[in-house]
Amino acid sequence: MGVRSSLNNINQILYWRNYAKKLEEHWFLCTRSIGDTVIFLSKLKAYRDKNPGEKIRLIVSENHVPFVKGYSDYIDEYKVLPYEKMCASTSIGFKGLLPDNLKYILPSSSSIILGYKSMSIFDLMNMTLGLDPDTGYEKPHFQWKNKKEFLASKGVEKGKFVFLAPSSVSVNSNNADMWKKIISCVKKKGYKVLINKGSYDNNLFENEEVVSLPLDKAYLLAEDSALFIGMRSGICDLLGFSSSKMLVLYPDGREADMKSFTFSNMPFDKSIEECYESQAVSRVNEMLDHI
């Protein structure tokens, strides 16, 4: 470990110790990851049922507030920190260096056991919360009063468009050619395209409708789509709770990512299609033919 890395860890430890001193109660510290946090939230009802009377307090990233509100019935209080601070908490949390009144939502062994013998992120959350292995989950409850007007402003109708999410942090891809082929395929099938804004160069989609929505609205938009297609990312975990038909993509040659992050071992009440990028266009064709 370099000097700079060591100093950074020390600074983070001091930051969280000072922060914790202001909090007399016990708090759950969520991760910066969308998927980890939303799956943790889905377990809070079961945790509350098992621990009646216990207050549930969370520390979350600022960009996670929309779906935290989707679980507000099970949360007594939450505090919001900048994304950078939540990112920096990860290594401290995994090393068990947080103050006693802060509980990181993932076990320290997560990176080792995720995917081992089909261990999923749901299993890790059950471990964190002391829940039985077969404990269920709660879907988020979102509302969007002006959704019909939004769809009309984009020139699309319910069930007549495909929602794309090309960007991802964990398993990112720069396969612009694939996305162009997917868009061409979608249009040939008679569907319009809406693209979730991300880190992609906007020039790639200069002739397409790009949308920038908070996560709760992206969830509800996906439910009105004919199909959601996205690189494996946190938004895919969130949409796993939705009624949206889904195709999740992984870069070619990333078998380890498919093993660790696959939806095949998650207890969602629907089937989520997964494939590698080289299979994407043919799979899109097949799925749209059967809608």
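**Helix α13: a pocket lining and a helix contact**

Mentor: Helix α13 (a DSSP run of H or I with at least four residues, numbered from the N terminus) gives the most to the lining of the second largest pocket, with three residues. This is a predicted model, in which local features need pLDDT of at least 70, side-chain atom pairs count only at pLDDT 80 or more, and totals for chains, interfaces and linings use all residues. Residues are numbered from 1 along each chain as its sequence is written, and side-chain values use heavy atoms, with hydrogens and water left out.

Trainee: Which residues line the second largest pocket?

Mentor: The lining consists of Ser244, Lys245, Met246, Lys270, Ser271, Glu273, Arg283, Glu286, Met287, His290 and Ile291. By class, three are nonpolar, three polar and five charged; Asp, Glu, Lys and Arg count as charged, Ala, Val, Leu, Ile, Met, Phe, Trp, Tyr, Cys and Pro as nonpolar, and the others, Gly among them, as polar.

Trainee: Why are α9 and α13 called roughly parallel?

Mentor: The axes of α9 (residues 176–188) and α13 (residues 280–289) cross at roughly 20° and come within 9 Å. Angles under 35 degrees count as roughly parallel, and therefore α9 and α13 are described in this way.

Trainee: What makes the contact between α9 and α13?

Mentor: Helix α9 contributes Met178, Lys181, Ile182, Cys185 and Val186, while α13 contributes Ala280, Val281, Val284, Asn285 and Leu288; contact means heavy atoms within 4.5 Å.

Trainee: How many residues of each class does this contact of α9 with α13 have?

Mentor: The contact has eight nonpolar residues, one polar and one charged.

Technical notes: Axes are lines fitted to C-alpha atoms, for helices over the stretch in contact, and angles run from 0 to 180 degrees between N-to-C directions. Helices (H or I, at least four residues) and strands (E, at least two) are DSSP runs, numbered from the N terminus. Angles under 35 degrees count as roughly parallel, over 145 as roughly antiparallel, 65 to 115 as roughly perpendicular and the rest as oblique. On a 1 Å grid over the protein atoms alone, a cavity is a set of points where a 1.4 Å probe fits but cannot get out, and a pocket is an open set with protein on both sides within 12 Å along at least five of seven lines; lining residues have an atom within 4 Å of a point.
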